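Me: Please take a close look at one part of this model. I should like to know how that part is built, what lies against it, and how it compares with what the rest of the chain offers.

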Amino acid sequence: MRPPPRTALGFLLLLLLPPAPDAARKLTPCQQCRALVDKFNQGMANTAKKNFGGGNTAWEEKTLSKYEFSEIRLLEILEGLCESSDFECNQMVEQQEERLEAWWLQLKKKYPDLFEWFCVQTLKVCCSPGTYGPDCSACQGGSKRPCSGNGHCNGDGSRQGDGSCQCHIGYQGPLCKDCVSSYFSSLRNETHNICTACDESCKTCSGPTNRDCLECEEGWARVEDTCLDVDECAAETPPCSETQYCENVNGSYTCEECDSTCVGCTGKGPAKCKECVSGYSKEDGQCADVDECSLAEKACKRKNENCYNTPGSFVCVCPEGFEETEDACVQTAQGEVPEENPAQPQPPSREDL
């Protein structure tokens, strides 16, 4: 089969490439307008004290005060609004330059809030805070304190959304006035409700401590008037397997693997082994490797055979110049190179020991 043409491969690669970052971060019309106003306000701040050197203040105020409302200052602000590579920003400034100039020269005193005049009333791409949607309707709970101050109004400040409340952690209900089950109301009046987290031992509660639990959380049990942690590791039937040990944690437990030298264990490390695996024995209270090569009874039975200890075991190897047979290591004839035996083991390296 012939490989696909290069043009087809190129097209396939384009399909597999992730979308460009700019495409993923494209701003809504309201966000574009708000960003432009923020830069305009910053430009006003940057040019506020320009040409005032702090010398003859009376002369400066008389001679240079006109700069504050001048077209020169406006042009300086407009020139700093957009980066040269920001096409959408530059396009918006070009399209709206006359309106911005009209506000600067004629409407600024009457409408001091540029965002409200430009983005909300003139371009109609945003809404005032606390309102949402095409008609800038009031959010749930009212425009002054949307969602009772305990949540976010969907579409707040934009011409989008449905005005529903997305409650902050700990709050629930259409107006975010109520506490979820693991929180309690620490302060409540006709207009405000502050929800505070219960103690970790409580499923429901009336206060902040483990004595205020109305119902204990799973993994906790009521002892007199307090919810206390259940030690699952102390149960008559251990919750972990024979190759694991149990560690109690608040409200639960974890099963951890025993040390590799252990046959059963009560905790972490070789000192906590119940018994030792083959090739290890208890020494100073913990499982340590047995050096079979140093035992009184030889581990390697064949004549001339060398013994090498390994962790938990040992290997038997004929020395160099000796040939392996069934019951001995036999020295080869002088100058004779022994025939290679694939099954003959090689002495272990330092790294293996």
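What follows is an account of helix H6, then of its partners and of some links elsewhere in the chain.

Reply: The model is a predicted one, in which local features need pLDDT of at least 70 and side-chain atom pairs count only at pLDDT 80 or more, whereas totals for chains, interfaces and linings use all residues. Residues are numbered from 1 along each chain as its sequence is written, and side-chain values rest on heavy atoms, with hydrogens and water left out.

The chain has 353 residues, of which 28% are buried (under 20% relative accessible area; exposed is over 50%, and partly exposed lies in between, with a 1.4 Å probe and protein chains only). Its elements are 7 helices and 22 strands, taken as DSSP runs numbered from the N terminus (helices H or I, at least four residues; strands E, at least two). About 24100 Å² of the chain is exposed, with carbon and sulfur atoms supplying 51% of that area; accessible areas come from the Shrake-Rupley method with a 1.4 Å probe, and for residues only the protein chains shown count as cover.

Helix H6 covers residues 87-107, which makes 21 residues. From its first C-alpha to its last it reaches 28 Å, close to the expected 30 Å; the expected span is 1.5 Å times one less than the number of residues. At glutamine 96 the helix bends by about 60°, the bend being the angle between axes fitted to the seven residues ending at a position and the seven starting there. Gln96 is itself buried in H6, as are Cys89, Met92, Val93, Leu100, Trp103 and Trp104. These buried residues pack against helix H3 (29-46), helix H5 (71-79) and helix H7 (114-122), a contact being heavy atoms within 4.5 Å.

Cysteine 89 also takes part in a covalent link. Its partner is cysteine 82, with the two sulfur atoms 1.9 Å apart; a disulfide here is a pair of cysteine sulfur atoms within 2.5 Å. The torsion about the S-S bond of this pair is about -70°, so the link is left-handed. Both ends count as buried: cysteine 82 has a relative accessible area of 16%, and cysteine 89 one of 10%.

Of the partners of H6, helix H5 buries Arg73, Leu74, Ile77 and Leu78. These residues cover an arc of only 135° around the axis, which puts them on the same side of H5; the arc is that of the directions from the helix axis to the C-beta atoms. An α-helix has 3.6 residues a turn, so residues three or four places apart point the same way. On the other side of H5, Ile72 and Glu79 are exposed. The buried residues of H5 pack against H3 and H6.

Helix H3 has 18 residues and reaches 26 Å from first C-alpha to last, close to the 26 Å expected. Its buried residues are Cys30, Cys33, Leu36, Val37, Phe40, Gly43 and Met44. They span an arc of only 150° around the axis, which places them on the same side of H3. Their packing is against H5, H6 and H7.

Beyond the helices, the structure holds 19 disulfides. One of them joins cysteine 240 to cysteine 255, S to S 2.0 Å. Cysteine 240 lies in the loop between strand E12 (226-229) and strand E13 (244-249) and cysteine 255 in strand E14 (residues 252-257), so the pair ties together parts 15 residues apart in sequence. With a torsion of about -85° about the S-S bond, the disulfide of cysteine 240 and cysteine 255 is left-handed. Cysteine 240 is buried at 14% relative accessible area, while cysteine 255 is partly exposed at 29%.

Another disulfide joins cysteine 300 and cysteine 316, whose sulfur atoms are 2.0 Å apart. Cysteine 300 lies in the loop between strand E18 (286-289) and strand E19 (306-310) and cysteine 316 in strand E20, so this pair ties together parts 16 residues apart in sequence. The link of cysteine 300 and cysteine 316 is left-handed, with -90° about its S-S bond, and cysteine 300 is buried at 6% relative accessibility.

Strand E20 (residues 313-317) also contains phenylalanine 314, which is partly exposed at 29% relative accessible area. Leaving aside neighbours within four places in sequence, the contacts of phenylalanine 314 include Cys293, Cys300 and Tyr308. Phenylalanine 314 and cysteine 293 are 21 residues apart in sequence and 7.3 Å apart in space, C-alpha to C-alpha. For the chain, 29% of the contacts between residues at least 6 apart in sequence join residues at least 24 apart.
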